[in-house]
Amino acid sequence: MDLLNTLVDKGLRRELPTREEALAVLATSDDDLLDVVAAAGKVRRKWFGRRVKLNYLVNLKSGLCPEDCSYCSQRLGSTAGILKYTWLKPDEASQAAAAGLAGGAKRVCLVASGRGPTDRDVDRVSETIKAIKDGNEGVEVCACLGLLSDGQAERLREAGADAYNHNLNTSESTYGEITTTHTYADRVDTVNKAHTAGLSACSGLIAGMGESDEDLVDVVYALRELDPDSVPVNFLIPVEGTPLAKEWNLTPQRCLRILAMVRFVCPDVEVRIAGGREVHLRTMQPLALHLANSIFLGDYLTTEGQAGKADLEMIADAGFEVEGAGQATLPEHRVAAAGGGCGSHGSAGCGSHESAGCGSHADGGVCGTAAPAPGTEASAPAGEPRTDLVAVRRRGAGTDLAPNA
């Protein structure tokens with residue numbers, strides 16, 4: 001297929017595909033799916049070999065959020081029966097993180113519900129970062145606390161944070177349909193604050209909220225322009241009690257096409273399969289490892305994930321290997337641009353600010369289409385609801401039960 005040959009060549013050169021090419025990936029048929037995966041897999045292997053980075057979520061503060069993000073079980077007005085608790089103490093958070101690190105995780109993601117942190121909250125998280133780093137040499141810590149005020153990113157960096165996550169989630173044109181209590185521009189501003197402070201920026205999207213192919217391409221191109229070091233791809237977990245509980249727009253094939261499109265647009269960036277992979281990819285998860293080089297281990301913020309042991313077995317059975325603490329995640333040109341840090345956003349990287357190119361968190365990880373895009377064929381039929389695969393987290397952080405890691 002000429003399209004795939006062109007996209008592979010561009011990916012190996014870190015060259016931005018055209019929007020038409022990105023849309024064409026989403027419009028490919030199921031008959032061509034393995035060819036799409038194989039092509040994007042060549043780009044993935046060029047920049048990341050067969051390594052898979054493991055990340056582990058710790059939900060520092062669950063529920064009771066004043067924001068109205070339609071996808072989130074912690075939102076204002078949610079009736080989802082999730083765990084609700086205030087800030088974990090540093091030793092509690094460190095103990096929760098230890099389970100993921102013992103399971104092979106290289107990065108701990110500290111997440112808290114809310115619009116954004118107060119200065120006291122930044123102090124709390126700073127103490128937690130210190131507790132985790134004091135007990136685990138070489139661990140990466142990413143904070144995900146919502147919208148940042150001036151100076152807060154710098155304080156987190158000084159406390160030892162390596163990265164900051166804040167997802168764009170969906171396209172600018174449709175953002176107001178998903179959230180009304182803050183704006184798309186607010187999210188962009190927070191990602192830029194993380195960049196400016198020297199933190200490795202992590203920003204991604206949520207697929208399956210009823211968006212079009214055009215919306216998906218718009219948000220991925222916006223991400224490339226922002227140039228994060230990692231792009232988490234969440235697949236909506238339709239949790240009962242949220243406005244999007246009836247949105248079951250994804251099939252495993254659709255998810256694979258989305259991941260492939262992200263890889264082609266952001267060839268040398270850490271692409272992470274985040275929330276919802278078990279719900280929507282299901283038995284096709286191993287194929288997704290040929291597209292993404294990073295996953296979350298175990299449970300998510302408010303929902304349960306696949307058992308950590310099963311994650312490790314899946315990686316090994318698919319012929320991949322867990323990335324070690326001493327291995328750099330990003331390609332040399334991005335690491336060098338960051339001066340040896342855990343991430344970089346140099347001018348040569350994916351989504352350099354000179355090119356046209358690639359935050360809070362989704363319930364699934366942090367953390368579909370209703371209509372085909374103009375000029376493209378309709379996507380695969382929507383997936384059947386799999387409510388049996390959606391389970392509210394009742395273990396780990398905020399409980400007395402051992403975490404799943």
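**Exercise 1.** Find which elements the buried residues of H13 pack against, and which face of the helix they occupy.

*Solution.* The model is predicted: local features need pLDDT of at least 70, side-chain atom pairs count only at pLDDT 80 or more, and totals for chains, interfaces and linings use all residues. Residues are numbered from 1 along each chain as its sequence is written, and side-chain values use heavy atoms, with hydrogens and water left out.

Step 1. Helices (H or I, at least four residues) and strands (E, at least two) are DSSP runs, numbered from the N terminus. Buried means under 20% relative accessible area, exposed over 50%, partly exposed in between (1.4 Å probe, protein chains only). In H13 (residues 308-317), Gly-308, Asp-311, Met-314 and Ile-315 are buried.

Step 2. Viewed down the axis of H13, these residues fall within an arc of 120° (taken from the directions from the helix axis to the C-beta atoms), so they line one face of the helix. Lys-309 and Asp-317, on the other side, are exposed.

Step 3. With contact meaning heavy atoms within 4.5 Å, the buried residues pack against strands S1 (51-61), S9 (294-296) and S10 (321-322), and helices H11 (277-281) and H12 (285-288).

**Exercise 2.** Determine how many residues of H9 are buried and what they pack against.

*Solution.* Step 1. Of the 14 residues of H9, 11 are buried, so the helix is largely enclosed by the rest of the structure. Among them are Leu-216, Tyr-221 and Arg-224.

Step 2. Their partners are helices H2 (19-26), H8 (184-196) and H10 (252-265), with strands S6 (205-207) and S7 (230-235).

Step 3. After H9 comes Asp-227, with a positive phi near 60°.
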